[in-house]
Amino acid sequence: MRLEYFQMVDRIADLDVGERRITVSAQVPQQSSIFEGHFPGYPLMPGVLLIETMAQTSGWLLIALLKFERMPFLASVKEAKMRDFIKPGEPLTVDAHVVHDGSGFAVTDARISVDGKLKCNATLTFRHTPFPNADLRGHMQQMAQQIGFPAQAMS
């Protein structure tokens with residue numbers, strides 16, 4: 001994870017386009033300026049960044065399902081539940097699956113676990129549109145390679 005750059009996904013562990021599901025791994029950094037204010041003396045991963053982590057995981061799934069033709073943008077967050085604290089240095093497993101897709105929108109259910117224990121979950125809605133420009137598409141393709149996005153899912 002590179003929190004300051006909002007790069008929340010380290011590696012795609014499993015992507016099943018047919019089942020419309022994804023699992024990624026992410027390592028919360030041991031040190032980050034984020035933790036200096038959240039909270040002094042008791043650093044915790046901010047809930048908003050956990051939601052972003054679930055959104056990015058869902059986004060990679062949607063990019064695969066949309067064959068890199070469209071870009072998903074987070075539109076709404078429902079039923080977000082922070083069930084337990086996540087501390088610096090913890091390894092995250094993030095799972096998401098599509099529960100609805102149509103009319104330019106998609107809905108996913110996502111969850112974050114640490115060592116098999118559910119820490120948070122949410123239902124997320126995305127609007128997906130054609131990539132607004134070639135630069136963004138190129139950046140996303142470059143990021144995809146860095147996190148182990150399956151080559152067959154890029155075309």
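**Exercise 1. Is Lys81 buried, partly exposed or exposed, going by its relative accessibility?**

Before we start: this is a predicted model, where local features need pLDDT of at least 70, side-chain atom pairs count only at pLDDT 80 or more, and totals for chains, interfaces and linings use all residues. Residues are numbered from 1 along each chain as its sequence is written, and side-chain values use heavy atoms, with hydrogens and water left out.

*Solution.*
- Step one, the cut-offs: buried is under 20% relative accessible area, exposed is over 50%, and partly exposed lies in between (1.4 Å probe, protein chains only).
- Step two, the value: Lys81 comes out at 35%, so call it partly exposed.
- Step three, the partner: Lys81 makes a salt bridge with Glu79, with 3.3 Å between the closest N and O atoms. A salt bridge here is a side-chain nitrogen of Lys or Arg within 4 Å of a carboxyl oxygen of Asp or Glu. Glu79, at 56%, counts as exposed.

**Exercise 2. Work out which residues are linked with Arg21 in a network of salt bridges.**

*Solution.*
- Arg21 pairs with Asp14, the closest N and O atoms sitting 2.6 Å apart.
- Arg21 also meets Asp16, at 3.6 Å from N to O.
- Put together, Asp14, Asp16 and Arg21 form a network.
- Now the exposure: Arg21 is partly exposed at 32%, Asp14 is partly exposed at 32%, and Asp16 is partly exposed at 24%.
- For the tally, the structure holds five salt bridges.

**Exercise 3. Check the length of helix H2 against its expected span.**

*Solution.*
- Helices are DSSP runs of H or I with at least four residues, strands are runs of E with at least two, and both are numbered from the N terminus.
- The expected span is 1.5 Å times one less than the number of residues.
- H2 covers residues 47-65, which makes 19 residues, so 27 Å is expected; the end C-alpha atoms are 27 Å apart, and the two agree.
- As for cover, 15 of the 19 residues in H2 are buried.
- Just after H2, Lys67 has a positive phi of about 55°.

**Exercise 4. Find what H2 gives to the largest nonpolar core.**

*Solution.*
- A nonpolar core is a set of buried Ala, Val, Leu, Ile, Met, Phe, Trp, Tyr and Cys residues joined through side-chain atoms within 4.5 Å.
- The largest one has 46 residues, and those with the most contacts inside it include Trp60 and Phe68.
- H2 gives the most, with 10 residues.
- Phe68 itself, leaving aside neighbours within four places in sequence, is in contact (heavy atoms within 4.5 Å) with residues including Trp60, Ile63 and Phe149.
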